Amino acid sequence: MSIDLLRTSLSILLQGLVTTLLLSVAAIVGGTLIGLLAAVLRSFGPWGTAHVAKLYTELFRGTPVLITLMFIYFGVSYFGYAIDVFAAGAIGLSVYQGAYIAEVFRSGIESVPRGQWEVSQILGLTKAQTFSFVVLPQTGKIVLPPLIGQYLSLIKDTSIVSMIGMSELMHGGQAIVDRIGKPVEIYGLVALIYFVVCFPLSQWVRHHDRRRLV
Amino acid sequence: MSYQWLTLWGYVPEFIHAAWLTLEVTALAFALSVFLGLLAALATISPVAALRFIARGYVEIIRNTPVLLQIFIVFFGLPSAGISLDAYWAGVIALGLNVGAYLSEVFRAGIQSVPRGQLEAAAILGLEPSQIFAEVVLPQAARAVYPAIVNYLIQLLLGTSLLSAIALPELTGTATVINARTLLYIQTFAVTLIAYLVLSNALSWLAGRLGARIFHPPLIMGAPKRFAGWRLHRANRA
(Lines give C-alpha, C1' and ligand atoms only; values in the text may rest on other atoms or scores of the structure.)
Protein backbone atom coordinates (compact mmCIF):
# COMPACT_ATOMS: atom_id res chain seq x y z
CA MET A 1 0.00 0.00 0.00
CA SER A 2 1.48 3.32 -1.05
CA ILE A 3 1.81 6.24 1.32
CA ASP A 4 -0.65 8.28 -0.71
CA LEU A 5 -3.31 5.59 -0.58
CA LEU A 6 -2.71 5.13 3.12
CA ARG A 7 -3.18 8.83 3.75
CA THR A 8 -6.43 9.06 1.74
CA SER A 9 -7.83 5.90 3.31
CA LEU A 10 -6.93 7.04 6.80
CA SER A 11 -8.68 10.38 6.35
CA ILE A 12 -11.87 8.62 5.17
CA LEU A 13 -11.69 6.08 7.97
CA LEU A 14 -11.05 8.66 10.68
CA GLN A 15 -14.10 10.62 9.51
CA GLY A 16 -16.00 7.37 9.89
CA LEU A 17 -14.55 6.90 13.34
CA VAL A 18 -15.98 10.26 14.44
CA THR A 19 -19.47 9.11 13.39
CA THR A 20 -18.91 5.75 15.11
CA LEU A 21 -17.97 7.51 18.35
CA LEU A 22 -20.90 9.94 18.17
CA LEU A 23 -23.29 7.06 17.58
CA SER A 24 -21.70 5.13 20.46
CA VAL A 25 -22.10 8.03 22.87
CA ALA A 26 -25.73 8.56 21.85
CA ALA A 27 -26.54 4.86 22.26
CA ILE A 28 -24.62 4.61 25.55
CA VAL A 29 -26.66 7.46 27.05
CA GLY A 30 -29.94 6.10 25.68
CA GLY A 31 -29.19 2.49 26.56
CA THR A 32 -28.14 3.32 30.12
CA LEU A 33 -31.30 5.34 30.77
CA ILE A 34 -33.54 2.63 29.31
CA GLY A 35 -31.63 -0.10 31.13
CA LEU A 36 -31.82 1.65 34.48
CA LEU A 37 -35.53 2.27 34.04
CA ALA A 38 -36.17 -1.36 33.06
CA ALA A 39 -34.10 -2.68 35.98
CA VAL A 40 -35.84 -0.46 38.53
CA LEU A 41 -39.26 -1.35 37.16
CA ARG A 42 -38.44 -5.03 37.16
CA SER A 43 -37.18 -5.07 40.75
CA PHE A 44 -39.49 -2.52 42.33
CA GLY A 45 -42.24 -1.74 39.85
CA PRO A 46 -45.85 -2.54 40.58
CA TRP A 47 -47.11 -5.86 39.18
CA GLY A 48 -47.84 -4.87 35.58
CA THR A 49 -44.69 -2.85 34.91
CA ALA A 50 -42.40 -5.55 36.30
CA HIS A 51 -43.80 -7.97 33.76
CA VAL A 52 -43.51 -5.47 30.92
CA ALA A 53 -39.88 -4.86 31.85
CA LYS A 54 -39.21 -8.60 31.92
CA LEU A 55 -40.87 -9.05 28.54
CA TYR A 56 -38.73 -6.23 27.16
CA THR A 57 -35.44 -7.76 28.29
CA GLU A 58 -36.42 -11.27 27.13
CA LEU A 59 -37.52 -9.97 23.73
CA PHE A 60 -34.33 -8.11 22.91
CA ARG A 61 -32.01 -10.71 24.44
CA GLY A 62 -33.62 -13.32 22.19
CA THR A 63 -33.41 -11.50 18.85
CA PRO A 64 -30.47 -10.15 16.80
CA VAL A 65 -29.67 -6.44 16.88
CA LEU A 66 -29.72 -6.38 13.08
CA ILE A 67 -33.42 -7.25 13.08
CA THR A 68 -34.11 -4.47 15.59
CA LEU A 69 -32.27 -1.97 13.41
CA MET A 70 -34.03 -3.06 10.22
CA PHE A 71 -37.37 -3.07 11.99
CA ILE A 72 -36.92 0.54 13.03
CA TYR A 73 -35.34 1.83 9.85
CA PHE A 74 -37.54 0.09 7.27
CA GLY A 75 -40.58 -0.19 9.52
CA VAL A 76 -40.85 3.58 9.92
CA SER A 77 -40.61 4.07 6.16
CA TYR A 78 -43.29 1.40 5.68
CA PHE A 79 -45.70 3.69 7.52
CA GLY A 80 -44.75 6.54 5.23
CA TYR A 81 -42.36 8.47 7.45
CA ALA A 82 -38.66 9.00 6.90
CA ILE A 83 -36.19 8.44 9.69
CA ASP A 84 -32.60 9.58 9.69
CA VAL A 85 -30.26 6.58 9.62
CA PHE A 86 -28.26 7.99 12.56
CA ALA A 87 -31.44 8.32 14.61
CA ALA A 88 -32.54 4.81 13.63
CA GLY A 89 -29.13 3.45 14.63
CA ALA A 90 -29.04 5.32 17.93
CA ILE A 91 -32.58 4.29 18.87
CA GLY A 92 -32.08 0.68 17.76
CA LEU A 93 -28.80 0.24 19.63
CA SER A 94 -30.17 2.00 22.74
CA VAL A 95 -33.24 -0.21 22.90
CA TYR A 96 -31.25 -3.38 22.18
CA GLN A 97 -28.37 -2.72 24.56
CA GLY A 98 -30.80 -1.36 27.16
CA ALA A 99 -32.07 -4.92 27.61
CA TYR A 100 -28.56 -6.19 28.44
CA ILE A 101 -27.75 -3.14 30.57
CA ALA A 102 -30.98 -3.72 32.51
CA GLU A 103 -29.73 -7.19 33.46
CA VAL A 104 -26.41 -5.69 34.60
CA PHE A 105 -28.21 -3.18 36.82
CA ARG A 106 -30.59 -5.83 38.11
CA SER A 107 -27.74 -8.07 39.24
CA GLY A 108 -26.28 -5.02 41.01
CA ILE A 109 -29.54 -4.16 42.76
CA GLU A 110 -30.04 -7.75 43.85
CA SER A 111 -26.54 -8.00 45.24
CA VAL A 112 -27.43 -5.54 48.00
CA PRO A 113 -28.39 -7.70 51.00
CA ARG A 114 -32.08 -7.81 51.84
CA GLY A 115 -31.38 -6.90 55.49
CA GLN A 116 -30.43 -3.40 54.43
CA TRP A 117 -33.97 -2.84 53.18
CA GLU A 118 -35.33 -3.86 56.56
CA VAL A 119 -32.88 -1.64 58.43
CA SER A 120 -33.70 1.35 56.22
CA GLN A 121 -37.36 0.63 56.81
CA ILE A 122 -36.88 0.65 60.58
CA LEU A 123 -34.86 3.86 60.37
CA GLY A 124 -37.87 5.45 58.69
CA LEU A 125 -36.56 5.89 55.16
CA THR A 126 -39.09 5.83 52.33
CA LYS A 127 -38.75 3.41 49.43
CA ALA A 128 -37.37 6.10 47.17
CA GLN A 129 -34.85 7.20 49.79
CA THR A 130 -33.75 3.63 50.44
CA PHE A 131 -33.21 3.08 46.76
CA SER A 132 -31.36 6.28 46.00
CA PHE A 133 -29.28 6.65 49.18
CA VAL A 134 -28.69 3.06 50.30
CA VAL A 135 -28.98 0.71 47.34
CA LEU A 136 -27.82 2.77 44.35
CA PRO A 137 -24.46 3.97 45.77
CA GLN A 138 -23.45 0.37 46.58
CA THR A 139 -24.66 -0.85 43.22
CA GLY A 140 -22.24 1.47 41.42
CA LYS A 141 -19.09 -0.40 42.39
CA ILE A 142 -20.48 -3.83 41.51
CA VAL A 143 -22.12 -2.70 38.30
CA LEU A 144 -19.37 -0.57 36.74
CA PRO A 145 -17.08 -3.29 35.27
CA PRO A 146 -19.84 -5.30 33.54
CA LEU A 147 -21.45 -2.03 32.47
CA ILE A 148 -18.26 -0.87 30.76
CA GLY A 149 -18.02 -4.34 29.20
CA GLN A 150 -21.49 -3.84 27.78
CA TYR A 151 -20.51 -0.40 26.43
CA LEU A 152 -17.57 -2.10 24.75
CA SER A 153 -19.84 -4.51 22.91
CA LEU A 154 -22.11 -1.57 22.05
CA ILE A 155 -19.20 0.24 20.39
CA LYS A 156 -18.44 -2.88 18.35
CA ASP A 157 -22.13 -3.27 17.50
CA THR A 158 -22.21 0.18 15.89
CA SER A 159 -20.49 -1.51 12.93
CA ILE A 160 -23.77 -3.36 12.28
CA VAL A 161 -25.51 -0.04 11.63
CA SER A 162 -23.46 0.08 8.40
CA MET A 163 -25.80 -2.66 7.15
CA ILE A 164 -28.74 -0.24 7.09
CA GLY A 165 -26.57 2.23 5.21
CA MET A 166 -25.00 4.42 7.86
CA SER A 167 -21.59 5.74 6.81
CA GLU A 168 -19.47 5.12 9.87
CA LEU A 169 -16.06 3.46 10.24
CA MET A 170 -17.07 0.02 8.94
CA HIS A 171 -18.97 1.52 6.01
CA GLY A 172 -15.98 3.73 5.19
CA GLY A 173 -13.82 0.63 4.94
CA GLN A 174 -16.35 -1.09 2.69
CA ALA A 175 -16.55 1.96 0.43
CA ILE A 176 -12.77 2.02 -0.05
CA VAL A 177 -12.65 -1.74 -0.75
CA ASP A 178 -15.49 -1.41 -3.27
CA ARG A 179 -13.49 1.29 -5.04
CA ILE A 180 -9.92 0.00 -5.05
CA GLY A 181 -9.98 -3.56 -3.70
CA LYS A 182 -7.15 -4.50 -1.29
CA PRO A 183 -9.54 -5.97 1.32
CA VAL A 184 -6.78 -7.31 3.58
CA GLU A 185 -4.99 -3.98 3.91
CA ILE A 186 -8.09 -1.81 4.26
CA TYR A 187 -10.03 -4.10 6.62
CA GLY A 188 -6.81 -4.61 8.56
CA LEU A 189 -6.58 -0.85 8.98
CA VAL A 190 -10.23 -0.68 10.08
CA ALA A 191 -9.59 -3.48 12.57
CA LEU A 192 -6.58 -1.60 13.91
CA ILE A 193 -8.69 1.53 14.50
CA TYR A 194 -11.38 -0.44 16.34
CA PHE A 195 -8.66 -2.17 18.35
CA VAL A 196 -7.09 1.12 19.43
CA VAL A 197 -10.49 2.32 20.67
CA CYS A 198 -11.56 -0.91 22.36
CA PHE A 199 -8.34 -2.28 23.84
CA PRO A 200 -7.98 0.20 26.74
CA LEU A 201 -11.61 -0.37 27.71
CA SER A 202 -11.34 -4.14 27.58
CA GLN A 203 -8.12 -4.10 29.61
CA TRP A 204 -9.82 -1.96 32.25
CA VAL A 205 -12.73 -4.40 32.40
CA ARG A 206 -10.38 -7.36 32.61
CA HIS A 207 -8.64 -5.93 35.65
CA HIS A 208 -11.76 -4.79 37.48
CA ASP A 209 -14.32 -7.47 36.76
CA ARG A 210 -14.13 -10.05 39.51
CA ARG A 211 -17.02 -12.20 38.36
CA ARG A 212 -15.80 -13.07 34.90
CA LEU A 213 -17.75 -16.30 34.73
CA VAL A 214 -21.20 -14.74 34.68
CA MET B 1 -54.50 -6.64 6.19
CA SER B 2 -55.04 -10.36 5.79
CA TYR B 3 -54.06 -10.59 2.12
CA GLN B 4 -50.59 -9.46 3.19
CA TRP B 5 -50.28 -12.36 5.58
CA LEU B 6 -51.59 -14.66 2.86
CA THR B 7 -48.78 -13.46 0.60
CA LEU B 8 -46.27 -14.27 3.29
CA TRP B 9 -47.87 -17.68 3.83
CA GLY B 10 -46.49 -18.62 0.41
CA TYR B 11 -42.99 -18.00 1.74
CA VAL B 12 -43.26 -20.36 4.69
CA PRO B 13 -41.11 -23.06 3.02
CA GLU B 14 -38.36 -20.49 2.45
CA PHE B 15 -38.52 -19.40 6.09
CA ILE B 16 -38.25 -23.01 7.25
CA HIS B 17 -35.32 -23.65 4.95
CA ALA B 18 -33.66 -20.47 6.22
CA ALA B 19 -34.23 -21.44 9.85
CA TRP B 20 -32.63 -24.80 9.17
CA LEU B 21 -29.62 -23.14 7.55
CA THR B 22 -29.32 -20.83 10.58
CA LEU B 23 -29.26 -23.83 12.91
CA GLU B 24 -26.75 -25.65 10.72
CA VAL B 25 -24.31 -22.75 10.69
CA THR B 26 -24.82 -22.25 14.43
CA ALA B 27 -24.04 -25.90 15.17
CA LEU B 28 -20.91 -26.03 13.00
CA ALA B 29 -19.59 -22.69 14.25
CA PHE B 30 -20.28 -23.72 17.84
CA ALA B 31 -18.34 -26.96 17.42
CA LEU B 32 -15.42 -25.01 15.96
CA SER B 33 -15.58 -22.40 18.72
CA VAL B 34 -15.55 -24.99 21.52
CA PHE B 35 -12.51 -26.63 19.92
CA LEU B 36 -10.68 -23.30 19.44
CA GLY B 37 -11.74 -22.08 22.87
CA LEU B 38 -10.36 -25.18 24.61
CA LEU B 39 -7.14 -24.97 22.62
CA ALA B 40 -6.68 -21.28 23.41
CA ALA B 41 -7.58 -21.77 27.09
CA LEU B 42 -4.98 -24.53 27.47
CA ALA B 43 -2.44 -22.37 25.61
CA THR B 44 -3.01 -19.35 27.88
CA ILE B 45 -2.23 -21.41 30.99
CA SER B 46 0.61 -23.42 29.41
CA PRO B 47 4.20 -22.96 30.65
CA VAL B 48 5.43 -22.25 27.09
CA ALA B 49 5.68 -18.48 26.63
CA ALA B 50 5.23 -18.58 22.83
CA LEU B 51 1.95 -20.47 23.15
CA ARG B 52 0.69 -18.02 25.78
CA PHE B 53 1.61 -15.10 23.53
CA ILE B 54 -0.19 -16.52 20.49
CA ALA B 55 -3.32 -17.40 22.45
CA ARG B 56 -3.40 -14.01 24.16
CA GLY B 57 -2.98 -12.25 20.81
CA TYR B 58 -5.82 -14.25 19.27
CA VAL B 59 -8.18 -13.51 22.16
CA GLU B 60 -7.37 -9.79 22.33
CA ILE B 61 -7.61 -9.20 18.58
CA ILE B 62 -10.98 -10.95 18.35
CA ARG B 63 -12.44 -9.37 21.47
CA ASN B 64 -11.50 -5.84 20.45
CA THR B 65 -12.79 -5.79 16.89
CA PRO B 66 -16.39 -6.10 15.61
CA VAL B 67 -17.60 -9.51 14.49
CA LEU B 68 -18.96 -8.05 11.23
CA LEU B 69 -15.44 -6.93 10.35
CA GLN B 70 -14.11 -10.41 11.12
CA ILE B 71 -16.71 -11.91 8.79
CA PHE B 72 -15.62 -9.51 6.03
CA ILE B 73 -11.94 -10.27 6.53
CA VAL B 74 -12.57 -14.02 6.29
CA PHE B 75 -14.90 -13.72 3.30
CA PHE B 76 -13.21 -10.97 1.28
CA GLY B 77 -9.69 -11.06 2.68
CA LEU B 78 -8.81 -14.77 2.63
CA PRO B 79 -9.16 -15.05 -1.19
CA SER B 80 -6.11 -12.74 -1.46
CA ALA B 81 -4.21 -15.35 0.53
CA GLY B 82 -5.34 -17.98 -1.97
CA ILE B 83 -8.08 -19.45 0.21
CA SER B 84 -11.50 -19.01 -1.36
CA LEU B 85 -14.50 -19.86 0.77
CA ASP B 86 -18.20 -19.70 0.01
CA ALA B 87 -20.45 -17.66 2.30
CA TYR B 88 -21.45 -20.76 4.27
CA TRP B 89 -17.96 -21.83 5.30
CA ALA B 90 -16.68 -18.27 5.63
CA GLY B 91 -19.55 -17.70 8.08
CA VAL B 92 -18.83 -20.86 10.03
CA ILE B 93 -15.12 -20.03 10.30
CA ALA B 94 -15.58 -16.34 11.15
CA LEU B 95 -18.22 -16.98 13.84
CA GLY B 96 -16.29 -19.97 15.17
CA LEU B 97 -13.13 -17.86 15.49
CA ASN B 98 -15.10 -15.08 17.16
CA VAL B 99 -16.96 -17.11 19.75
CA GLY B 100 -13.89 -19.30 20.34
CA ALA B 101 -12.03 -16.29 21.75
CA TYR B 102 -14.83 -15.52 24.21
CA LEU B 103 -15.18 -19.19 25.16
CA SER B 104 -11.45 -19.50 25.83
CA GLU B 105 -11.83 -16.88 28.58
CA VAL B 106 -14.75 -18.83 30.02
CA PHE B 107 -12.86 -22.13 29.87
CA ARG B 108 -9.76 -20.61 31.44
CA ALA B 109 -11.79 -19.21 34.32
CA GLY B 110 -13.50 -22.59 34.70
CA ILE B 111 -10.24 -24.51 34.80
CA GLN B 112 -8.77 -22.05 37.28
CA SER B 113 -11.89 -22.28 39.46
CA VAL B 114 -10.79 -25.76 40.53
CA PRO B 115 -8.78 -25.34 43.78
CA ARG B 116 -5.04 -25.99 43.46
CA GLY B 117 -5.10 -28.30 46.46
CA GLN B 118 -7.12 -30.81 44.47
CA LEU B 119 -4.46 -30.92 41.76
CA GLU B 120 -1.76 -31.51 44.37
CA ALA B 121 -3.84 -34.19 46.06
CA ALA B 122 -4.51 -35.91 42.73
CA ALA B 123 -0.79 -35.80 41.87
CA ILE B 124 0.11 -37.33 45.25
CA LEU B 125 -2.47 -40.06 44.68
CA GLY B 126 -0.47 -40.98 41.58
CA LEU B 127 -2.72 -39.70 38.79
CA GLU B 128 -1.13 -38.80 35.47
CA PRO B 129 -1.45 -35.13 34.39
CA SER B 130 -3.87 -36.18 31.63
CA GLN B 131 -5.93 -38.13 34.16
CA ILE B 132 -5.98 -35.17 36.52
CA PHE B 133 -7.27 -32.96 33.74
CA ALA B 134 -9.87 -35.40 32.44
CA GLU B 135 -11.15 -36.78 35.73
CA VAL B 136 -10.61 -34.05 38.32
CA VAL B 137 -10.54 -30.68 36.57
CA LEU B 138 -12.86 -31.20 33.60
CA PRO B 139 -16.01 -32.43 35.41
CA GLN B 140 -15.91 -29.54 37.88
CA ALA B 141 -14.93 -26.92 35.33
CA ALA B 142 -17.67 -28.11 32.95
CA ARG B 143 -20.30 -27.59 35.60
CA ALA B 144 -18.99 -24.12 36.45
CA VAL B 145 -18.88 -22.91 32.85
CA TYR B 146 -21.99 -24.60 31.46
CA PRO B 147 -24.41 -21.65 31.89
CA ALA B 148 -21.91 -19.23 30.34
CA ILE B 149 -21.36 -21.56 27.37
CA VAL B 150 -25.11 -21.77 26.77
CA ASN B 151 -25.19 -17.97 26.83
CA TYR B 152 -22.56 -17.79 24.12
CA LEU B 153 -24.39 -20.43 22.07
CA ILE B 154 -27.46 -18.17 22.04
CA GLN B 155 -25.27 -15.17 21.13
CA LEU B 156 -23.84 -17.24 18.29
CA LEU B 157 -27.30 -18.15 17.03
CA LEU B 158 -28.27 -14.47 16.96
CA GLY B 159 -24.89 -13.57 15.44
CA THR B 160 -25.59 -15.68 12.35
CA SER B 161 -27.94 -12.87 11.27
CA LEU B 162 -24.82 -10.89 10.30
CA LEU B 163 -24.03 -13.49 7.65
CA SER B 164 -26.76 -11.88 5.55
CA ALA B 165 -24.06 -9.25 4.85
CA ILE B 166 -22.15 -11.85 2.81
CA ALA B 167 -25.39 -13.01 1.14
CA LEU B 168 -25.92 -16.25 3.03
CA PRO B 169 -29.65 -17.02 2.79
CA GLU B 170 -30.17 -17.66 6.51
CA LEU B 171 -33.15 -16.15 8.36
CA THR B 172 -32.20 -12.49 8.07
CA GLY B 173 -30.85 -12.85 4.53
CA THR B 174 -34.04 -14.59 3.44
CA ALA B 175 -36.13 -11.92 5.14
CA THR B 176 -34.26 -9.22 3.23
CA VAL B 177 -34.93 -11.00 -0.07
CA ILE B 178 -38.62 -11.48 0.75
CA ASN B 179 -38.80 -7.81 1.77
CA ALA B 180 -37.44 -6.74 -1.57
CA ARG B 181 -39.92 -8.97 -3.37
CA THR B 182 -43.06 -8.20 -1.39
CA LEU B 183 -42.32 -4.85 0.31
CA LEU B 184 -44.11 -6.22 3.38
CA TYR B 185 -41.47 -4.95 5.79
CA ILE B 186 -43.40 -5.09 9.03
CA GLN B 187 -44.90 -8.52 8.40
CA THR B 188 -41.66 -10.09 7.22
CA PHE B 189 -39.67 -8.72 10.11
CA ALA B 190 -42.36 -9.82 12.56
CA VAL B 191 -42.13 -13.38 11.25
CA THR B 192 -38.32 -13.27 11.38
CA LEU B 193 -38.36 -11.85 14.90
CA ILE B 194 -40.67 -14.61 16.08
CA ALA B 195 -38.51 -17.23 14.35
CA TYR B 196 -35.43 -16.01 16.23
CA LEU B 197 -37.34 -15.88 19.51
CA VAL B 198 -38.57 -19.44 19.04
CA LEU B 199 -35.11 -20.73 18.09
CA SER B 200 -33.26 -18.97 20.90
CA ASN B 201 -35.79 -19.95 23.55
CA ALA B 202 -35.96 -23.52 22.31
CA LEU B 203 -32.17 -23.78 22.40
CA SER B 204 -31.89 -22.40 25.92
CA TRP B 205 -34.74 -24.65 27.10
CA LEU B 206 -33.05 -27.70 25.60
CA ALA B 207 -29.72 -26.68 27.11
CA GLY B 208 -31.41 -26.30 30.48
CA ARG B 209 -32.90 -29.79 30.25
CA LEU B 210 -29.55 -31.19 29.18
CA GLY B 211 -27.82 -29.46 32.09
CA ALA B 212 -30.30 -30.95 34.55
CA ARG B 213 -29.60 -34.37 33.08
CA ILE B 214 -25.85 -34.63 32.53
CA PHE B 215 -24.66 -33.07 35.79
CA HIS B 216 -24.89 -34.70 39.19
CA PRO B 217 -26.45 -33.16 41.19
CA PRO B 218 -28.65 -31.68 38.41
CA LEU B 219 -27.63 -28.18 37.34
CA ILE B 220 -30.69 -25.96 37.55
CA MET B 221 -30.37 -22.86 35.42
CA GLY B 222 -32.78 -20.06 34.76
CA ALA B 223 -33.46 -16.57 35.93
CA PRO B 224 -33.33 -15.99 39.68
CA LYS B 225 -36.59 -15.29 41.43
CA ARG B 226 -37.97 -11.79 41.38
CA PHE B 227 -36.26 -9.52 43.87
CA ALA B 228 -38.25 -9.21 47.08
CA GLY B 229 -37.11 -5.75 48.22
CA TRP B 230 -40.23 -3.88 47.27
CA ARG B 231 -42.66 -6.43 48.62
CA LEU B 232 -40.65 -6.68 51.81
CA HIS B 233 -40.95 -2.96 52.24
CA ARG B 234 -44.71 -3.11 51.88
CA ALA B 235 -45.05 -6.06 54.23
CA ASN B 236 -42.99 -4.33 56.91
CA ARG B 237 -45.01 -1.16 56.68
CA ALA B 238 -48.31 -3.00 57.09
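These exercises, with worked solutions, deal with helix packing, salt bridges and the chain contact in a predicted model.

**Exercise 1. The make-up of chain A**

State how many helices and strands chain A has, and give the dimensions of the box that its C-alpha atoms fill.

Solution. Begin with the count: chain A has eight helices and zero strands. Next, read along the sequence, where the pattern is α-α-α-α-α-α-α-α. Finally, take the box along the principal axes: the C-alpha atoms of chain A fill roughly 70 × 45 × 25 Å.

**Exercise 2. Helices α1 and α6 of chain A**

Two packed helices are described by the angle between their axes and the distance between the axes. Use both to classify the pair α1(A) and α6(A).

Solution. Step one is to locate the helices: α1 of chain A covers residues 3-44, and α6 of chain A covers residues 127-157. Step two is the geometry: the axes come within 11 Å and cross at roughly 135°. Step three is the class: angles over 145 degrees count as roughly antiparallel, and the crossing at roughly 135° makes α1(A) oblique to α6(A). The crossing is right-handed.

Step four is the contact itself. From α1(A) come Ser24(A), Ala27(A), Ile28(A), Thr32(A), Val40(A) and Phe44(A). They meet Phe131(A), Tyr151(A), Leu154(A) and Ile155(A) of α6(A). Sorted by class, the residues of this contact are eight nonpolar, two polar and no charged.

**Exercise 3. Helices α7 and α8 of chain A**

Classify the pair α7(A) and α8(A) by its crossing angle, then describe the residues in contact.

Solution. Helix α7 of chain A spans residues 169-180 and helix α8 of chain A spans residues 183-208. Their axes come within 9 Å and cross at roughly 165°. This angle makes α7(A) roughly antiparallel to α8(A). The handedness of the crossing is right-handed.

On the α7(A) side, the contact includes Leu169(A), Met170(A), Gly173(A) and Ile180(A). On the α8(A) side, Pro183(A), Ile186(A) and Tyr194(A) are among the residues met. The contact of α7(A) with α8(A) has 11 nonpolar, two polar and no charged residues.

**Exercise 4. A helix pair in chain B**

Give the angle and axis distance for α6(B) and α7(B), and name the residues that meet.

Solution. Helix α6 of chain B (residues 116-124) packs against helix α7 of chain B (residues 129-159) at about 155°, with the axes 10 Å apart. That angle makes α6(B) roughly antiparallel to α7(B). α6(B) passes α7(B) in a right-handed crossing.

Gln118(B), Leu119(B), Ala122(B) and Ala123(B) of α6(B) meet Ile132(B), Val136(B), Val137(B) and Gln140(B) of α7(B). This contact divides into six nonpolar, two polar and no charged residues.

**Exercise 5. Salt bridges**

Find which residue forms a salt bridge with Arg42(A), and say where the two partners lie.

Solution. Over all chains, the structure holds eight salt bridges. In one of them, Arg42(A) pairs with Glu103(A), with the closest N and O atoms 3.2 Å apart. Arg42(A) is in helix α1 of chain A, while Glu103(A) is in helix α4 (residues 85-110) of chain A. The pair links distant parts of the chain, 61 residues apart.

**Exercise 6. Chain A against chain B**

Describe the contact between the chains by residues, buried area and salt bridges.

Solution. Count the residues: chain A gives 53 and chain B gives 55. The area buried between the chains is about 5100 Å², and carbon and sulfur atoms give 67% of this. Two salt bridges are counted between chain A and chain B. Glu105(B) and Arg206(A) meet through their side chains in a salt bridge, at 3.1 Å from N to O.

Methods: Residues are numbered from 1 along each chain as its sequence is written. Chains are lettered from A and ligands numbered from 1 in the order in which they are written. This is a predicted model: local features need pLDDT of at least 70, side-chain atom pairs count only at pLDDT 80 or more; totals for chains, interfaces and linings use all residues. Side-chain values use heavy atoms; hydrogens and water are left out. Axes are lines fitted to C-alpha atoms, for helices over the stretch in contact, and angles run from 0 to 180 degrees between N-to-C directions. Helices (H or I, at least four residues) and strands (E, at least two) are DSSP runs, numbered from the N terminus. Angles under 35 degrees count as roughly parallel, over 145 as roughly antiparallel, 65 to 115 as roughly perpendicular and the rest as oblique. A crossing is left-handed if the near helix is turned anticlockwise from the far one by less than a right angle, and right-handed if clockwise. Contact means heavy atoms within 4.5 Å. Ala, Val, Leu, Ile, Met, Phe, Trp, Tyr, Cys and Pro count as nonpolar, Asp, Glu, Lys and Arg as charged, and the others, Gly among them, as polar. Buried area is the accessible area (1.4 Å probe) that two parts lose on being put together, summed over both. A salt bridge is a side-chain nitrogen of Lys or Arg within 4 Å of a carboxyl oxygen of Asp or Glu.
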